[in-house]
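Reader: I have a structure to look at and would like some help reading it. Could we go through the strands, the packing and the empty spaces in turn?

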Amino acid sequence: MNTSLFELFKIGIGPSSSHTVGPMRAALSFASSLKTSGALSRTASVHVDLYGSLALTGLGHGTDRAILLGLFGEAPDTVDPALIDIELAAVRTTGTLYLLDLHEIPFTESQHLLFHRDQMYPNPDVLTHPNGMRFSAFDDTGALLAEDIFYSIGGGFILSGSEFAAQRNASSATTRTVPYPFRSAEELLSTAATNHLTIAQLMLANEVVLLSDASIAINRPPSANPLHSKATPEEQIKASILTLWHTMQSCTARGIATEGILPGGLNVRRRAPRLAQRLETEGSKDPLAPLDWVTVYAMAVNEENAAGGRVVTAPTNGAAGVIPAIAHYYMRFVNDADEEGLIRYFLTAAAIGILYKENASISGAEVGCQGEVGVACSMAAGGLVAALNGTNAQIEHAAEIAMEHNLGMTCDPIGGLVQIPCIERNGMGAVKAINATRMAMHETGGHKLSLDQVIATMYQTGLDMQSRYKETSLAGLALNIIEC
């Protein structure tokens with residue numbers, strides 16, 4: 001197992017984990033490498049080339065903004081959303097950018113930030129990931145000082161060109177040591193059974209060992225800092241999970257309280273506030289009001305995401321509403337709900353997400369929205385079973401049901417914006433997660449399809465899907481909206 005809960009659930013900003021969070025992290029990494037190598041002071045210009053999905057829908061997803069912020073030294077989890085427009089305006093009006101807020105260089109987007117919409121990969125002869133970007137730094141003579149390729153592989157995860165090649169070569173992949181490693185759902189269930197553990201207990205034990213991993217610490221909320229806490233490792237992990245939950249709660253509250261039109265030009269009006277107001281006045285009379293609230297919670301988060309607000313990637317920004325919506329549902333509408341159940345929910349959801357991340361993909365540009373909302377739905381279904389004290393077998397079954405009915409879902413955002421159909425799709429995904437949970441927990445026998453089989457099917461389906469249906473806005477709703 002290579003992935004931590006705190007890498008799947010990351011605090012960042014909208015509207016896209018692969019097109020905003022990933023590129024910002026890549027730009028920051030490249031700028032930081034210039035400083036580390038001593039090349040920063042000699043850098044006279046930086047050129048950024050975007051390819052594939054990043055080039056085709058990057059403007060609608062805020063990739064240009066993310067690149068500038070990353071070069072400036074901002075990180076997705078710490079940037080102040082209220083200052084973003086001020087920082088960007090300074091670059092765009094002066095034509096000057098301060099690398100890491102330390103070194104001044106000229107920067108004009110039309111010259112230094114190029115969208116190659118006719119080229120899918122940085123190296124057209126090598127099929128890699130469709131979210132590729134190249135960073136190049138030059139001295140005052142025009143000589144190349146440094147260059148690197150990054151891939152934004154979904155969920156805010158990035159890989160350099162060398163890391164991507166190593167990941168493709170299983171023998172070169174780095175494996176973190178945890179007490180209960182698993183590579184498949186079958187192995188997860190078997191290991192848990194052998195050691196008499198729930199999936200949540202198994203995940204907690206693994207996270208405790210990963211607590212000192214520096215590469216994970218950059219994503220982990222500060223409440224789980226072993227150098228500044230007297231709490232036990234288990235308590236630190238639980239505290240950080242609750243910090244993620246509190247961030248989700250704040251995001252949901254902002255989404256419900258904020259009215260207006262979302263940016264981007266589609267003139268999409270925020271709907272969560274009006275839906276919430278109606279439920280507050282009429283909802284008690286409707287037996288299905290809890291499901292309506294689930295929809296409100298999911299849409300509120302994704303409307304905040306579409307506005308570029310603070311969200312928790314779960315496991316992506318485009319699908320960030322599903323996990324918090326089900327957490328709200330559990331805490332508000334389930335009798336005897338408590339924080340321990342909530343922690344079981346997040347730990348178990350993460351275990352399911354790890355299986356998709358390591359055996360398939362969570363990138364809409366690679367496998368379509370089945371890898372985003374579909375995965376979030378599967379994670380939430382399995383997690384809710386755990387919160388309700390279901391068995392490990394029921395968790396696996398719920399996760400399987402949820403993905404089975406998201407197979408083949410395309411990613412075709414209108415105008416390249418994470419708005420239509422993305423916002424409503426989160427509401428639908430959250431409701432499906434509850435349905436899958438109830439079906440799995442009411443079933444007494446076994447089931448024909450395993451989660452491993454469905455994960456493999458999802459990945460193969462994504463590979464078979466034409467690229468124009470995978471976050472390029474070249475087909476589907478994105479193409480036919482004018483006729484609708």
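Reader: Let us begin with the strands. Which residue in β8 is the bridge partner of Phe 150?

Author: The bridge partner of Phe 150 in β8 is Ser 160. Please keep in mind that this is a predicted model.

Reader: In which sense do β7 and β8 pair, and over how many bridges?

Author: Strand β8, residues 157-160, pairs with β7 in the antiparallel sense, and the pairing runs over four bridges.

Reader: What lies between β7 and β8?

Author: Two residues separate them in a hairpin, and Gly 155 in the turn has a positive phi of about 70°.

Reader: And how does β7 relate to β6?

Author: Strand β6 (residues 132-138) and strand β7 (residues 144-154) are antiparallel too, with seven bridges. One bridge joins Ala 137 to Ala 146 in β7. These two strands also form a hairpin, this time with five residues between them. In that turn, Gly 142 has a positive phi of about 90°.

Reader: Now a helix, please. Is α4 mostly covered or mostly open?

Author: Helix α4 is mostly covered, since eight of its ten residues are buried. Among them are Thr 63, Asp 64, Ile 67 and Leu 71. After the helix comes Gly 73, with a positive phi near 115°.

Reader: Does α4 take part in anything else, and if so, which pocket does it help to line?

Author: Helix α4 (63-72) helps to line the second largest pocket, as do α3 (52-61) and α5 (84-94); each supplies at least two residues. That pocket has a volume of about 370 Å³. Of its 23 lining residues, Pro 15, Arg 65, Ala 306, Ala 307 and Gly 308 are the closest to the centre.

Reader: What classes of residue line that second largest pocket?

Author: Its lining has twelve nonpolar, nine polar and two charged residues.

Reader: What about enclosed spaces: how many cavities of 30 Å³ or more are there?

Author: A search of the whole structure finds two. The largest cavity has a volume of about 160 Å³. It is lined by 19 residues, and the closest to its centre are Gly 318, Glu 372, Cys 411, Val 418 and Cys 422. Both α2 (17-37) and α19 (422-442) supply at least two residues of this lining. By class, the lining of the largest cavity divides into nine nonpolar, six polar and four charged residues.

Reader: And which residues line the second largest cavity?

Author: They are Met 248, Cys 251, Val 301, Val 311, Val 312, Ala 320 and Pro 324. The lining has seven nonpolar residues, with no polar and no charged ones. The space in this second largest cavity is about 40 Å³. Helix α11 (233-257) and strand β9 (310-313) each supply at least two of the lining residues.

Reader: My last topic is the packing. Which members of the largest nonpolar core touch the most other members?

Author: They are Phe 9, Ile 323, Ile 326, Phe 346 and Tyr 356, in a core of 98 residues. Helix α15 (residues 339-359) gives the largest share of this core, twelve residues. There is also a second, separate core of 37 residues, including Met 24, Leu 50, Leu 97 and Ile 158. In soluble globular proteins, nonpolar side chains tend to be buried together.

Reader: Which residues does Ile 326 touch, leaving out those up to four places away in sequence?

Author: Ile 326 touches Val 294, Tyr 345, Ala 380, Leu 384, Ala 430, Ala 433 and Ile 434.

Note on methods. Residues numbered from 1 in each chain as written. Predicted model: local features only at pLDDT ≥ 70, side-chain atom pairs only at ≥ 80, totals over all residues. Heavy atoms only, no water. 1 Å grid on protein atoms, 1.4 Å probe; cavity = no way out; pocket = protein on both sides within 12 Å on 5 of 7 lines; lining within 4 Å. Points joined across faces, edges and corners; volume = space filled by probe spheres on them. Nonpolar A, V, L, I, M, F, W, Y, C, P; charged D, E, K, R; others polar. Core = buried A, V, L, I, M, F, W, Y, C linked by side-chain atoms within 4.5 Å. Buried < 20%, exposed > 50% of the residue type's maximum accessible area, 1.4 Å probe, protein only. Contact = heavy atoms within 4.5 Å. Pairing = 2+ DSSP bridges.
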